[in-house]
Amino acid sequence: MSKIKTLTTVVVTAAATTALVAASSAGAIDFKHLFSGSGQTPVGAAAAAAVVPAAAIAPLPPGAVPDYRAIVKQAGPAVVGVMVAGERQPDPNEDGPDIENDPFFRFFRGMPGFQQRGGQPHGKVPFRGQGSGFIVAADGLILTNAHVVRDAKTVTVRLVDHREFEAKVLGTDTVTDIAVLRIAAKDLPTVRLGDSDAAEVGDRVLAIGAPYGLEQTATQGIVSAKGRSLPDDTVVPFIQTDAAVNPGNSGGPLFDGSGAVIGINAQIYSQSGGFQGLSFAIPINIAMKVKDQIVATGHAQHGRLGVMIQPVNQALAESFGMTKPEGALVSKVEKGSAAAEAGIKAGDVITQVNGKPVSDAGSLSSQIGLSAPGEKVSLTLWRDHGSKTVEAKLGKAQDEKEAASNGAAEGPQLGLALRNLSRDEKRQAGVDGGLLVDDAEGAAARAGIEAGDIVLAINGKPVKGMDDIRAVLKTHPKQVALLIKRDDETLFVPVPLG
């Protein structure tokens with residue numbers, strides 16, 4: 001991530017350092033001079049013995065000042081640098097990294113003061129990037145952010161003793177922004193995991209990471225807020241802190257006063273691209289649940305209720321006869337969804353999930369999204385000036401890109417990573433629907449479809465969402481005709497599927 005120079009409004013953005021390198025550049029941008037020791041160590045080569053961490057720090061009584069020196073000495077050896085390289089679709093109007101294609105850039109699309117600039121360029125350029133991570137198992141299991149390793153062809157982990165290892169990405173979860181890596185090493189130092197639910201506002205915290213590639217940088221602060229919901233209905237109830245987190249800190253640990261990890265630093269709130277007093281970390285309790293799923297199956301699954309929701313303000317609360325504005329107002333129920341089968345209707349206000357209060361729309365997204373598909377949940381609704389309880393069996397939430405790229409398990413592979421267009425993108429492209437191509441490979445790429453194209457129709461049928469693509473692929477066609485909008489041109493592209 002670099003400074004966002006063109007935005008006039010405060011934005012939320014991912015805290016990752018990424019450098020795009022044009023294919024015509026004389027040389028690639030290399031961060032190694034920032035974190036190298038004396039001499040270069042071959043990837044995977046043996047080096048000095050692993051650092052033995054100090055004894056665990058005892059829990060602190062309320063109000064006590066942490067021994068930051070002891071925390072860094074104990075936990076620092078388990079914090080690693082994560083170096084990535086690959087190819088990515090660039091933004092033609094950015095001097096620095098590909099901000100508009102960042103997975104967290106969607107948080108500020110459509111916000112006042114932001115206008116997306118120009119069309120998507122065609123073709124990819126190399127990039128190198130630097131993030132952070134930490135070792136959770138002595139046999140080489142590492143946690144970091146999904147956006148740190150996004151689009152990476154190679155991932156290298158650098159330990160505090162300067163050893164480097166090529167890392168295998170066991171899996172990523174873009175919903176929670178968690179990635180799990182493994183390196184071929186043994187007897188590694190590990191962090192001690194804490195309980196993020198036990199953290200309270202005002203608790204002292206310490207972050208260790210590699211801001212701007214400067215590894216083993218420690219910063220301290222306090223927990224500023226808990227359960228913070230960010231734009232785009234993210235399911236993660238972030239821990240907000242004022243510990244300085246900058247580009248390159250992404251994926252690094254957030255420690256409590258006893259030296260236990262309570263979060264993974266993921267995002268910053270910034271007008272300049274640098275730290276301005278607000279940082280957000282993914283609670284470690286959530287991260288470990290996702291990690292367990294990825295280690296077991298290679299991916300994570302999330303529950304889906306199938307409703308569109310909005311916040312309840314004072315005026316709405318009064319019109320519904322509620323004593324105070326709380327809960328999530330259902331504005332639409334999808335046909336055939338878990339919500340529809342449970343009898344939920346537009347106009348219902350969901351106030352509790354399994355007896356746990358829903359303070360706002362973001363709280364509902366977190367509670368449902370972090371539940372498992374097939375799980376039965378008890379929902380308390382406010383309807384017709386009274387409460388009632390219904391039970392819903394959650395469906396499975398699919399990542400749009402994953403579903404498109406894998407096409408349909410029931411049909412042939414199309415080879416496209418697609419996503420819905422934002423309102424601004426539709427207006428700029430002059431279309432009412434369609435799906436934006438984020439990446440193309442396989443059959444679609446061979447047919448000439450490129451990132452930045454907009455799929456308007458398949459076999460003559462308008463495309464409004466992924467279901468329209470899946471419906472055609474389920475018929476096992478040997479070939480499909482995609483209507484593509486590219487810049488100011490519209491053309492049909494035949495895609496043989498074999």
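This is a short talk on one strand and its partners, one buried glutamine, and one pocket.

A reminder before I start: the model is predicted.

I'll begin with strand S20, which covers residues 349-353. Is it buried or exposed for the most part? Mostly covered: 4 of the 5 residues in S20 are buried.

Now the partners of S20. Strand S19, residues 328-333, pairs with S20 in the antiparallel sense, over 2 bridges. If you want a position to look at there, take Leu-329, which stands opposite Val-349 of S20.

Next is strand S22, residues 376-383. S22 also runs antiparallel to S20, and 4 bridges join them. Here the pair to find on your screen is Val-353 in S20 and Leu-379 in S22, which stand opposite each other.

Then there is strand S21, residues 356-357. S21 and S20 are paired over 2 bridges, again in the antiparallel sense. Which residue of S21 is the bridge partner of Gln-352? That is Pro-357. S20 and S21 make a hairpin, with 2 residues between the strands. One thing to check in the turn is Asn-354, whose phi is positive, at about 55°.

As a general point on strands, when a strand is regular, its side chains alternate between the two faces of the sheet.

Let me move to strand S15, residues 260-270, for a single residue, Gln-267. Why is Gln-267 classed as buried? Because its relative accessible area is 0%, and the cut-off for buried is under 20%. Gln-267 and Phe-280 are 13 residues apart along the chain, and their C-alpha atoms are separated by 5.1 Å.

Last, the second largest pocket. Its volume is about 690 Å³. The lining of this pocket consists of 26 residues. Those nearest the pocket centre are Asp-197, Pro-237, Ile-286, Lys-356 and Leu-370. Which elements give two or more residues to this lining? They are strand S12, residues 217-228; helix H4, residues 284-297; strand S21; and helix H7, residues 361-369. Helix H4 gives the most, with 5 residues. By residue class, the lining of the second largest pocket has 13 polar, 8 nonpolar and 5 charged residues.

So S21 comes up in both parts of the talk: S21 forms the hairpin with S20, and S21 is one of the elements that give two or more residues to the lining of the second largest pocket.

That is what I had.

Note on methods:
Residues are numbered from 1 along each chain as its sequence is written. This is a predicted model: local features need pLDDT of at least 70, side-chain atom pairs count only at pLDDT 80 or more; totals for chains, interfaces and linings use all residues. Side-chain values use heavy atoms; hydrogens and water are left out. Buried means under 20% relative accessible area, exposed over 50%, partly exposed in between (1.4 Å probe, protein chains only). Two strands pair if DSSP finds at least two bridges between them. On a 1 Å grid over the protein atoms alone, a cavity is a set of points where a 1.4 Å probe fits but cannot get out, and a pocket is an open set with protein on both sides within 12 Å along at least five of seven lines; lining residues have an atom within 4 Å of a point. Grid points are joined across faces, edges and corners, and a volume is the space filled by probe spheres set on the points. Ala, Val, Leu, Ile, Met, Phe, Trp, Tyr, Cys and Pro count as nonpolar, Asp, Glu, Lys and Arg as charged, and the others, Gly among them, as polar.
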